[in-house]
Amino acid sequence: MTSPNLRIAYRFLTAKKRAMVMSLSCTVLGVGLFIVTQATTSGFERFFTKTILGINGAIRIEDKIQDTMRSMAAAGGGDSHFARRDGVKYIEGIEEPQALMAAVREFANVRGVSAVVRGNVQLQSAFKAEDAQVFGIRLEDHVRVSDLAEQVTNGSLEDFRNSPTGALVGRVLADRLQLAVGDSLVISARGASRRVQVAAIYETGYREVDKTNVYLHQAEARSLLKRPGGATFLQISLHDPARAPQDAARLEQVLRHSVKAWQEREKTWLAVFRALRISTMITVSVFTLIASLAMFNTLAMIVLEKTKDIAILRSMGYERRDVTRIFLWQAGIVLAVGAIAGALLGAAVTWLVSQVPLPINGIFKTDRFIVTWDPAHYAGAVLTAVVMVMVASLIPARRAARLEPGDIVRGTAQ
Amino acid sequence: MSPPPPAPAAGPAWALRCRGLHRHLGEGEGRVHVLKGVSFEAERGQVYAIVGPSGCGKSTLLYLLGLLDRPDEGEIEINGRRMSNHDDAARTAARGEHIGFVFQFHFLMLEFTALENVMMPMRKLGRLPPAAMRERAHALLDSVGLGAKTHRLGTQLSGGEQQRVAIARALANQPAILLADEPTGNLDVRNSNLVFDLLTRLAKDNGQAVVLVTHNPEIAQRCDVTRPMRDGLFV
Ligand SMILES: Nc1ncnc2c1ncn2[C@@H]1O[C@H](COP(=O)(O)OP(=O)(O)OP(=O)(O)O)[C@@H](O)[C@H]1O
Ligand SMILES: [Mg+2]
């Protein structure tokens, strides 16, 4: 049996169709817009995160920490090997990558680790020359800490694997040098040069990377850069990238090397996304606020119009709390319908937005608007609407409950 | 005025009793001493008429007796229980259980059908199963001559019809006390008699106390007791 209060609420509400439709549409818009903005802003943020994790992994280890003044003196001479950051002294590079990698693999959250040798080089194609950075990798290790496998657009990783003098060249760099798969180019560094072949062309969408990074087999890079041992850095991928800062802190403590999580590395862009999220949150809150004001207005109007009915109800034994409930039920009906319709609207608009062509290239590459589908957005939208509309409805509902039947029938209720 | 017959029901004979009721209305300069120490009692099974010129305080008294308003001074007893200084919840419960009230003006909740209006107090009290509520509401509407219009909305009924639905509604929970402010005010002679006969029959058959305010001398005459009122006091 439905409660009499709900029946009464429904009739009161439907008797004021225009006001009801008004607050209902505000609620639908508030919920729908909330979902769409969440889906779109977090869509770009997640895509950016996936892109940079696919390039640089979740954690990077570089530069050994110099423990004491004495050991620094013992290490001797070359100033260029020392750097001072935040009062800590570092020795550039990683001396014993194999031992360090073994230690890193002990961490439960670590999915893969790859030692990389890096150096500045000059590239010379038949067409022109460009500065670039060479990354010497062991392919089997590196595909576990990056999305290299998916980033290849021309040629194949197989070709790279099978060719000791093969190179992976970024899309932008390849275009500048007018290189195609199979072309050869000359890489020079520190006075030496070697000829390599383009085994594949990759594209990450992150322009800085696609413009400068060239991947070589590690042996090839070592002889080119004249670094027979050691590594420039270790790149690590995690099962749960969100935990990277904690893992980085532990790794730094245990390994005595400088360890950086991606959240710190990319904090500028992440801050931009956070600002974007906050600003859209504000816009959306304004909409939800309008929805709650509309509900307030509707209920206040119904209270005014139904004072006599309130007196009749009270004379029949309906309590103050029944009156409160009758008005809160009205908000509840609007919220229930508004939440469902708003969620459907949100989903529909999110889908439409995801079909909008929008070529972006720079910090990631996409040709469509990026959205995420996350039930949390829907729950968040509904919860926000429920809280704000209910709070706004409480005021007229309690006002209605406070009315004295005697005052109403004499016409002196205010 | 004939002497009241013995009460048919058990318990205290007085369904309703009040002593020395005072009520002021208005604020500041406009404050009026409307009721000036009214005392009144209503016995089970009796029909009372309160008569008097317009503005003498009849409605004001009825609101106090119906626990819709609080007196500034004085006592009200319902079924032997003192109600005047009870809290709102107790007074509301007493209204639902023991008192049926018919207002002088606005009678119905207009978005609801006649049947729904009559079922409204029963739904709150929740004593009967829904089917029985419906049946009883039909019977009550029949007895006020509206058996054919049970599914009309309040807005689709004439003033007199609305008034009769309001009377049926006031009887819904079989209250011990029925308070009616001019229940026949909008009715033609035939319907006035119908309503009055119904109220008298209920008083006699169920032992309900009926108190009605009326300007109609014929109706007043047919009541068991007539109490003339003037300027805030019974005379
Ligand atoms: N809010 C108020 N402020 C001041 N005086 C009021 C107020 N309401 C009513 N009164 C006065 O109280 C008096 C009693 O009013 P009441 O409605 O009880 O009269 P009544 O006997 O029912 O009259 P009627 O037969 O016209 O219905 C009237 O003189 C009226 O002017
Ligand atoms: Mg009156």
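Q: What does B:Asp88 form a salt bridge with?
A: B:Asp88 pairs with A:Arg320. The closest N and O atoms are 3.2 Å apart. Bear in mind that this is a predicted model.

Q: Where do A:Arg320 and B:Asp88 lie?
A: A:Arg320 is in helix 15 of chain A. B:Asp88 is in helix 2 of chain B, residues 88-98. The pair therefore joins two chains.

Q: Is B:Asp88 buried or exposed?
A: B:Asp88 is buried, with a relative accessible area of 19%. The cut-off for buried is under 20%.

Q: And A:Arg320, buried or partly exposed?
A: Partly exposed, at 24% relative accessibility for A:Arg320.

Q: How many salt bridges are there between chain A and chain B?
A: The count between the two chains is 7. Over all chains, it comes to 34 salt bridges.

Q: What does A:Asp322 meet in a salt bridge?
A: The side chain of A:Asp322 meets that of B:Lys124, at 2.8 Å from N to O. This pair also crosses between chains. A:Asp322 sits in helix 15 of chain A, and B:Lys124 in helix 3 of chain B, residues 114-125.

Q: How accessible is A:Asp322?
A: A:Asp322 is buried, with a relative accessible area of 4%. Its partner B:Lys124 counts as partly exposed, at 24%.

Q: Which residues do salt bridges with shared partners join into one network?
A: A:Asp407, A:Arg410, B:Arg23, B:Asp69 and B:Asp72.

Q: Back to the whole interface. What area is buried between chain A and chain B?
A: About 2,500 Å². Carbon and sulfur atoms give 61% of that area.

Q: How many residues does the contact take from chain A and from chain B?
A: Chain A supplies 25 residues and chain B supplies 24.

Q: How many residue pairs are in polar contact between chain A and chain B?
A: There are 12 such pairs, with both residues at pLDDT 80 or more.

Q: Which elements give two or more residues to the side of chain A that touches chain B?
A: Four helices of chain A appear: helix 1 (4-15), helix 14 (307-315), helix 15 (320-354) and helix 17 (405-410).

Q: Which one gives the most to that side of chain A?
A: Helix 14 of chain A, with 7 residues.

Q: How do the residues on that side of chain A divide into nonpolar, polar and charged?
A: On the side of chain A that touches chain B, 12 are nonpolar, 3 are polar and 10 are charged.

Q: New topic, helix 2 of chain A. How many residues does it have?
A: Helix 2 of chain A has 40 residues, 17-56. It reaches 58 Å from its first C-alpha to its last. That is close to the 58 Å expected at 1.5 Å a residue.

Q: How many residues of helix 2 of chain A are buried?
A: 30 of the 40 are buried, so helix 2 of chain A is largely enclosed by the rest of the structure.

Q: What follows helix 2 of chain A?
A: A:Gly57, which has a positive phi near 75°.

Q: What does A:Lys50 form a salt bridge with?
A: A:Lys50 pairs with A:Asp147, with the closest N and O atoms 3.4 Å apart. A:Lys50 lies in helix 2 of chain A, and A:Asp147 in the loop between helix 5 (139-142) and helix 6 (148-151), so the pair ties together parts that are 97 residues apart in sequence.

Q: Is A:Lys50 partly exposed or buried?
A: A:Lys50 is partly exposed, at 48%. A:Asp147 counts as buried, at 18% relative accessibility.

Q: Switching to A:Met101. Where is A:Met101 found?
A: In helix 4 of chain A, residues 97-105. A:Met101 counts as buried, at 3% relative accessibility.

Q: What does A:Met101 touch, beyond residues up to four places away in sequence?
A: A:Val113, A:Ser114, A:Ala115, A:Asp141 and A:Leu234.

Q: How far apart are A:Met101 and A:Ala129 in space?
A: They are 36 Å apart, C-alpha to C-alpha, and 28 residues apart in sequence.

Q: Backbone now. What is phi of A:Gln178?
A: Phi of A:Gln178 is near 55°, a positive value in a residue other than glycine. A:Gln178 lies in the loop between helix 8 (171-177) and strand 8 (184-189) of chain A. A:Gln178 is exposed, at 54%.

Q: And where is B:Asp231 found?
A: B:Asp231 is in the loop between strand 9 (225-230) and strand 10 (233-234) of chain B. Phi of B:Asp231 is positive, near 55°. B:Asp231 counts as exposed, at 52% relative accessibility.

Definitions and conventions. Residues numbered from 1 in each chain as written. Chains lettered and ligands numbered in written order. Predicted model: local features only at pLDDT ≥ 70, side-chain atom pairs only at ≥ 80, totals over all residues. Heavy atoms only, no water. Contact = heavy atoms within 4.5 Å. Buried area = accessible area lost by both parts, 1.4 Å probe. Salt bridge = Lys/Arg side-chain N within 4 Å of Asp/Glu carboxyl O. Polar contact = N/O pair within 3.5 Å; in protein donor to acceptor, adjacent residues only side chain to side chain. Nonpolar A, V, L, I, M, F, W, Y, C, P; charged D, E, K, R; others polar. Expected span 1.5 Å × (residues − 1). Buried < 20%, exposed > 50% of the residue type's maximum accessible area, 1.4 Å probe, protein only.
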